[in-house]
Amino acid sequence: MKCHRAVWLASYGRDHTLSEQERAALEAHLGSCPACRQRQAAYSRLVNALSAQQEPEPAADLLQKAIRQAQETVVESSPANGRTAQRVRLALALVVLVVLVGTRLPQAFGQSVLQKMEAAVGQARTMHVVSWEFLMTEEEARNHTWHDGKTPVRTETWVTHDAISGRDDLMGPYLWNATGYLHYDPTERKMKYLQFAGREVSLKDTIERSFNPVAEMKSAVTPGTYLSLHNFADAVWQGRKVHKLQIASGPDKPKAGEEVPTTQEPGRTPPPGAAPRMRRTFWIDRETNLPVHAEYEKEIQGRWVVQTRSDYDYNLQTPARLFDPEAIRKDAEAHAARRH
Amino acid sequence: MKNLRAMRITLQVEEPEEHTTLLERAASGEASALERLLSPYKFALYALCRNMLGHAEDAEDAVQETYLRAIRALPKFRQDADLYSWLFRIAVNVCLNGKRTRGKTVPLEMATERATFHASPEAETLTRVEIDQALSVLSRRQRAVFLLREREGWSVPEIAAALRCTHRRINNELYQTRRALQAWALAHAEKGKEG
């Protein structure tokens, strides 16, 4: 058998069943022809690499954009003048009026606030978050002693599109950038610089999810649990007019219009205990659509317990020293010296 | 027979008792139903478009266009048909007919990175950049045929139906595609040894 015939048969054999005769002839040729063997092996390697290739993550809102575009096209394609157009305008005016007098459809409105917030955080250049973490144990919750006499742990995080710089009361400062993750190791009592060669993607993902706390919830939810949206009346937060939204996760299927799509598989039954009920409430600035405050609660022993309170600021000027590895090293060493 | 990836997506989406209602709600334009129905395919569609077009942003545009065409055509979609195949056919058509908007397939700075085969066969892996380089030797149609067969696990008749051509033509295209990729892989391995 000539090589070109073997290549053809090998290709055909990947997609169809070869006859006994053809298969034997192909095997005999591959046994005696190193060039053909090499070709087949190289091709198999490529196909294996392609199959093993992890599917990259596209932008989160592709489908939503398409839906909006489809809806806009429907409106545009309706008659632009005449009685129908007039009716459309009247209906739109009525909707606006209904919204203004406050009897709007709450969940649909909540979904649009959520979309605007995700779009706004997608445009942000920097983010600054100060969080107070109430580290709660099951026992404390059972004995109704939560938060009693406890000082919450304060954490502070700065995020840019290239790096994350943070510090908390226990661990001290850390810096995560394209080069690696610089932090203080309390076990070894020294600074460590972890190299993440070739793993910049995870930094990129972390940055994206830090900017967008809702995306973080969508990706972190236990497979099989649902996210649902609850919309509260608008409020005032520290002098700012805000929308107040709550996203809850848990095993109960949300009602129509309340569901928030997640990146996890929907509809699967989670193992018992794997999906505790949690909820995060956002106070969202009505002018900028950016979150200014959030509270994260967890259901423990049938009671809702606040785990974290966070204040957000977007687009502030970042302090340069927090992104300077040398300054972080000095800060962390000073922190370690104080602790030990 | 589609591969496991397709089956996983199908299982994820199709809960028989809900599927018909969901399709009807989606076909009527209900946003939450459209999201529930179509969002599980996002990653698979993006991977296909990314490999077909070789560019992340072009791929995102193509997925968005695929979704848009699907949403518009959903009222005509037969309830007993396979949503996964249907979406993939649309995506392939979008990629085949779309304009190339963003230049080279492989970003220059990535293409200049060292892409090597390691010495031991166990360690021989190909990076994203190398896969992009390999795919760039194929025409878009060849890429479609190759990806549907080798990544998505479609059969020759399924690909022929999707691309509206004969089985014979697909067999020939697969042969040409594999020859081109084998030549690339051998040259690449040689380069790796020299480097």
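In which loop of chain A is the place of A:N315? In this predicted model, A:N315 belongs to the loop that runs between β12 (303-314) and α10 (325-339) of chain A. The residue is not a glycine, yet its phi is positive, near 65 degrees. In general, most residues other than glycine have a negative phi. With a relative accessibility of 33%, A:N315 counts as partly exposed, because that value lies between the limits of 20% for buried and 50% for exposed.

Chain B offers a counterpart. B:R164, also not a glycine, has a positive phi of about 55 degrees. Its place is in the loop between α10 (156-163) and α11 (167-194) of chain B. Here the relative accessibility is 77%, so B:R164 counts as exposed. A further positive phi, near 75 degrees, is found at B:G153, a residue that follows α9(B).

That helix leads into the architecture of chain B. The chain contains 11 helices and zero strands, and along the sequence its pattern reads α-α-α-α-α-α-α-α-α-α-α. Of the 195 residues in chain B, 54% are buried. Helix α9 of chain B covers residues 140-151. Its 12 residues, at 1.5 Å a residue, should span 16 Å, and the end C-alpha atoms are 15 Å apart, which agrees with that expectation. All 12 of the 12 residues of α9(B) are buried, so the helix is largely enclosed by the rest of the structure. The buried set includes charged residues such as B:R140, B:R141, B:R143, B:R149, B:E150 and B:R151; among its other members are B:V145, B:F146, B:L147 and B:L148.

How do the helices of chain B pack against one another? Two of the pairings involve helix α4 (residues 42-53) of chain B. With helix α5 (residues 56-73) of chain B, α4(B) packs at an angle of about 130 degrees, the axes being 8 Å apart. That angle makes α4(B) oblique to α5(B), and the crossing of the two is right-handed. With helix α6 (residues 83-97) of chain B, α4(B) packs at an angle of about 25 degrees, and the axes are 10 Å apart. Since angles under 35 degrees count as roughly parallel, α4(B) and α6(B) are therefore roughly parallel to each other. The passage of α4(B) across α6(B) is again a right-handed crossing.

Chain A can be entered at its helix α1 (residues 3-15), whose axis comes within 11 Å of that of helix α3 (residues 34-52) of chain A, the two crossing at roughly 30 degrees. This makes α1(A) roughly parallel to α3(A). The crossing in which α1(A) passes α3(A) is right-handed. The 13 residues of α1(A) should span 18 Å at 1.5 Å a residue; the end C-alpha atoms are 19 Å apart, which agrees. Within α1(A), the residues A:A6, A:V7, A:L9, A:A10, A:S11 and A:D15 are buried.

Between α2 (20-32) and α3 of chain A, the loop holds A:C33. At 10% relative accessibility, A:C33 counts as buried. Its C-alpha atom is separated by 9.8 Å from that of A:K2, although the two residues are 31 residues apart along the chain.

The aromatic side chains form a further layer of description. A pair of aromatic rings is described by the distance of the centres and the angle of the planes. Over all chains, the count comes to nine aromatic pairs. In one of them, the rings of B:F77 and B:W86 have centres 4.6 Å apart and planes at 45 degrees, so the pair is tilted. B:F77 has a relative accessibility of 10% and counts as buried. Ring pairs also link residues of both chains: A:W8, A:Y12 and B:Y175 are joined into a cluster.

Which charged residues lie over aromatic rings in chain A? One is A:K244, which lies over the face of A:F232 at 5.2 Å from the ring centre. Another is A:R279, whose charged end sits over the ring of A:W304, 3.9 Å from its centre.

Terms used:
Residues are numbered from 1 along each chain as its sequence is written. Chains are lettered from A and ligands numbered from 1 in the order in which they are written. This is a predicted model: local features need pLDDT of at least 70, side-chain atom pairs count only at pLDDT 80 or more; totals for chains, interfaces and linings use all residues. Side-chain values use heavy atoms; hydrogens and water are left out. Rings of Phe, Tyr and Trp (its six-membered ring) pair if their centres lie within 6.5 Å; planes under 30 degrees apart count as stacked, over 60 as edge-to-face and the rest as tilted. Buried means under 20% relative accessible area, exposed over 50%, partly exposed in between (1.4 Å probe, protein chains only). A charge sits over a ring if NZ of Lys or CZ of Arg is within 6 Å of the ring centre and within 35 degrees of the ring normal. Helices (H or I, at least four residues) and strands (E, at least two) are DSSP runs, numbered from the N terminus. The expected span of a helix is 1.5 Å times one less than its number of residues. Axes are lines fitted to C-alpha atoms, for helices over the stretch in contact, and angles run from 0 to 180 degrees between N-to-C directions. Angles under 35 degrees count as roughly parallel, over 145 as roughly antiparallel, 65 to 115 as roughly perpendicular and the rest as oblique. A crossing is left-handed if the near helix is turned anticlockwise from the far one by less than a right angle, and right-handed if clockwise.
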